[in-house]
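Q: Please take a close look at one part of this chain, and then follow the picture outward from there. I am new to this structure, and a connected account would help me most.

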Amino acid sequence: MITTREELNRYLRLDKKVYGITKRFPSLYGDLHWKFLISLRHEEYHSSQSGFGHRLLKKFWAMLHSHYGVKLGWDIPINTFGPGLKINHYGLIVVNGNARIGAFCDIHQGVNIGQHGADQHDVPTIGDNVWIGPGAKIFGRITIASRCAIGANAVVNRSFTDEDISIAGIPAKKVGDKGNPYIKE
């Protein structure tokens, strides 16, 4: 949760960094990934603040967040991802609002991170620097350790607590001792 203006600036700076963006503002046309992340982070910040002005700004940023989410095919609620989020492609991505994903997550299209069963807290917790391949499905009250790589179309429904490993298959299992090859810190 982003609670201070300094945290907001840090999240925005790290989100820009993973995309290699050096310019100050997004282009009028294009830069949709960046615009989505800006609206997501501002909505996170204003939702943690109190006061009439913050409520109005939260609604404004929520509207933009929703607009870009629909345009890109992403259903990513606030306060689920840490800083340095990289989303590689347009296309369907669905994340449960109770899931918690760490910093520098690299996620591809077709990913679903959701709950299993009726309990709203039956959702994954994913560490830092995790690479999630296209089409991966991650669900249930599970933990994925930091610096892991989750292969394309993997179905992950159990915990993997070893760091720096590769996970793939249906159901997912450890397939290698090399984790995320694209770590950006």
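A: Apart from neighbours within four places in sequence, Pro124 is in contact (heavy atoms within 4.5 Å) with Ala99, Arg100, Ile113, Gly114, Ile138, Phe139, Gly140 and Ile142. The model is a predicted one, in which local features need pLDDT of at least 70 and side-chain atom pairs count only at pLDDT 80 or more, while totals for chains, interfaces and linings use all residues. Residues are numbered from 1 along each chain as its sequence is written, and side-chain values use heavy atoms, with hydrogens and water left out.

Pro124 lies in the loop that runs between strand S6 (112-114) and strand S7 (125-126); helices (H or I, at least four residues) and strands (E, at least two) are DSSP runs numbered from the N terminus. With a relative accessible area of 1%, Pro124 is buried. Here buried means under 20% relative accessible area, exposed means over 50%, and partly exposed lies in between, for a 1.4 Å probe and protein chains only. Between the C-alpha atoms of Pro124 and Asn98 there are 8.3 Å, although 26 residues separate the two along the chain.

Asn98 leads to Asn96, whose side chain reaches the backbone nitrogen of Asn98 at 2.7 Å. Asn96 belongs to the loop between strand S3 (93-95) and strand S4 (100-101), and a relative accessible area of 18% makes Asn96 buried. The side chain of Asn96 also makes a polar contact of 3.3 Å with the side chain of Gln115. A polar contact is a pair of N or O atoms within 3.5 Å; within protein, one atom must be able to donate a hydrogen and the other to accept it, and residues adjacent in sequence count only if both atoms are side-chain atoms. When residues up to four places away in sequence are not counted, Asn96 touches Pro77, Thr80, Ile113, Gly114, Gln115, Gln120 and Val123. Ile113 and Gly114 are thus found among the residues that Asn96 touches, and Pro124 is in contact with them as well.

From this region the account turns to charged side chains. Side chains of opposite charge can pair when their charged atoms come close. The whole structure has 8 salt bridges, a salt bridge being a side-chain nitrogen of Lys or Arg within 4 Å of a carboxyl oxygen of Asp or Glu. In one of them, the side chains of Asp15 and Arg41 meet at 2.7 Å, N to O. This pair links distant parts of the chain, 26 residues apart, with Asp15 in helix H1 (residues 5-19) and Arg41 in helix H2. Asp15 counts as buried at 2% relative accessibility, and Arg41 counts as buried at 0%. Arg41 forms a salt bridge with Glu44 too, where the closest N and O atoms are 3.2 Å apart. Arg41 and Glu44 are separated by about one helical turn, because they stand 3 residues apart in helix H2. Glu44 is buried, its relative accessible area being 1%.

Another salt bridge joins the side chains of Arg147 and Asp164 (3.1 Å, N to O). This pair also links distant parts of the chain, 17 residues apart: Arg147 is in the loop between strand S10 (143-144) and strand S11 (149-150), and Asp164 is in the loop between strand S12 (155-156) and strand S13 (166-168). Arg147 is partly exposed, at a relative accessible area of 26%, and Asp164 counts as partly exposed at 30% relative accessibility. As for the earlier residues, salt bridges that share partners join Asp15, Arg41 and Glu44 into one network.

Aromatic rings complete the picture. The structure holds 2 aromatic pairs; rings of Phe, Tyr and Trp (its six-membered ring) pair if their centres lie within 6.5 Å, and planes under 30 degrees apart count as stacked, over 60 as edge-to-face and the rest as tilted. The ring centres of Phe36 and Trp74 are 5.0 Å apart and the planes stand at 85°, so this pair is edge-to-face. It connects distant parts of the chain, 38 residues apart, with Phe36 in helix H2 (residues 32-47) and Trp74 in strand S1 (residues 74-75). Both Phe36 and Trp74 are buried. The rings of Phe60 and Trp61 have centres 5.1 Å apart and planes at 75°, so they too form an edge-to-face pair. Phe60 is partly exposed, with a relative accessible area of 39%, whereas Trp61 is buried at 16%.
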